[in-house]
Amino acid sequence: MSANDDTRKSEIRRAFGRAASTYDNAASVQRAAVARLFAFTRALPPAMPVRYTLDAGCGTGQALPGLAVRFPHAHRIALDFSAAMLAHVRTPGVLPVCADIERLPFADAAIELYWSSLALQWCDPAAALAEAARVLRPGGMAWIATLGPRTLYELRTAFATVDEDSHVIDFFPISHWLAAAGDAGLIVAAHAREPLHDLAADLRELLGNIKAIGARSVGDGRRRRTLGRQGWQLLQSAYEAFRLPGGMLPATYDLILLALRKPA
Ligand SMILES: C[S@@+](CC[C@H](N)C(=O)[O-])C[C@H]1O[C@@H](n2cnc3c(N)ncnc32)[C@H](O)[C@@H]1O
């Protein structure tokens with residue numbers, strides 16, 4: 001891993017750490033993604049009894065109760081590289097592990113069900129899926145929800161009228177994820193794109209939600225200057241172009257759903 005990658009990861013970890021106490025109140029899109037991923041994978045179970053489930057990038061653990069219902073006899077591992085996020089995992093009977101999704105501290109073929117919801121967009125797809133493939137038992141499944149390039153396109157478009165800085169991280173298209181899955185030796189059992197929308201009365205509230213879950217823009221080209229009064233007014237009026245007939249402002253999340261199987 002390069003020094004740049006290290007810095008970037010530390011920034012992401014710090015941003016999520018700062019958001020740990022506000023996350024649950026603001027994470028309606030993340031809750032909806034968890035529900036969609038459970039529904040999407042209903043007919044795609046692992047090929048064997050599940051002894052271990054891993055929630056990779058578990059955050060405060062929103063998926064853990066659902067995983068307990070789905071796999072009542074499995075040991076549940078909750079993994080996140082933010083200790084502050086892990087400290088908010090309240091579900092009993094879960095093993096918390098503070099580690100990097102791209103370097104999992106588990107033996108090969110140790111896990112039957114790999115789950116990850118809205119965490120892998122912060123990772124290198126090749127590294128994350130290679131690790132998922134390594135720790136999965138043959139016949140095991142990876143159920144993944146991540147984000148595609150239309151995520152926050154309203155915000156990206158509105159900011160483009162203000163300056164040339166990068167305000168929204170770049171998201172990989174689904175084709176990139178499918179190719180990375182193949183390269184990692186995983187079979188794509190199913191994939192889908194299902195957009196989700198956060199709705200708010202105004203832009204301040206929409207941006208507040210993004211900040212409260214820790215998903216700030218992080219990366220080399222990110223903005224370092226403050227917006228200023230005039231910039232903020234420009235941004236607000238550009239975002240008005242997206243106001244819905246019902247009166248609310250939307251923020252789109254381009255949800256990518258993947259069900260990947262490790263060949264038996
Ligand atoms: C948007 S939150 C999603 C949390 C949870 N999966 C949910 O559905 O609510 C993303 C989480 O991924 C974690 N994360 C991001 N990159 C990671 C990495 N490389 N290794 C471990 N955790 C990571 C963050 O710390 C954060 O808690």
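In this predicted model, helix 1 is the main contributor to the shell around the ligand, giving three residues. Helix 1 covers residues 3–26. Helix 2, residues 28–40, also gives two or more residues to this shell. In total, 25 residues surround the ligand. The closest are F16, G57, G59, F81 and A119. By class, the shell holds 15 nonpolar residues, six polar residues and four charged residues.

Helix 2 was examined further for its length and its burial. Its 13 residues should span 18 Å at 1.5 Å a residue, where the expected span counts one less than the number of residues. The C-alpha atoms at the two ends of helix 2 are 18 Å apart, which agrees with that expectation. The buried residues of helix 2 are V29, Q30, A33, V34, L37 and F40. Viewed down the helix axis, these buried residues fall within an arc of 145°, so they line one face of helix 2.

The strands were considered next. Seven strands form an open sheet with mixed pairing. Their order is 3-2-1-4-5-7-6. Strand 3 (94–98) and strand 6 (187–200) stand at the edges. Each has a single partner strand, so one side of each is left without a neighbour in the sheet. From one strand to the next, the twist averages 15°. Strand 1, residues 52–56, runs parallel to strand 4, residues 111–117. Three bridges join strand 1 to strand 4. D55 has W115 in strand 4 as its bridge partner.

Two leucines were then examined for their backbone angles. Most residues other than glycine have a negative phi. L118 has a positive phi, near 55°. This leucine lies in the loop between strand 4 and helix 5 (125–135). L118 has 25 C-beta neighbours inside 10 Å and therefore counts as buried, the cut-off being 20 or more. Phi of L152 is also positive, near 55°. The place of L152 is the loop between strand 5 (136–147) and helix 6 (153–160). With 24 C-beta neighbours inside 10 Å, L152 counts as buried by the cut-off of 20 or more. Each of these leucines thus pairs a positive phi with a buried position in a loop that follows a strand and leads to a helix.

Definitions and conventions
Residues numbered from 1 in each chain as written. Predicted model: local features only at pLDDT ≥ 70, side-chain atom pairs only at ≥ 80, totals over all residues. Pairing = 2+ DSSP bridges. Helix = DSSP H or I, 4+ residues; strand = E, 2+ residues; numbered from the N terminus. Axes fitted to C-alpha atoms, helices over the stretch in contact; angles between N-to-C directions. Near = placed C-beta within 6 Å. Nonpolar A, V, L, I, M, F, W, Y, C, P; charged D, E, K, R; others polar. Buried ≥ 20, exposed ≤ 12 C-beta atoms within 10 Å, placed from the backbone. Arc of directions from axis to C-beta.
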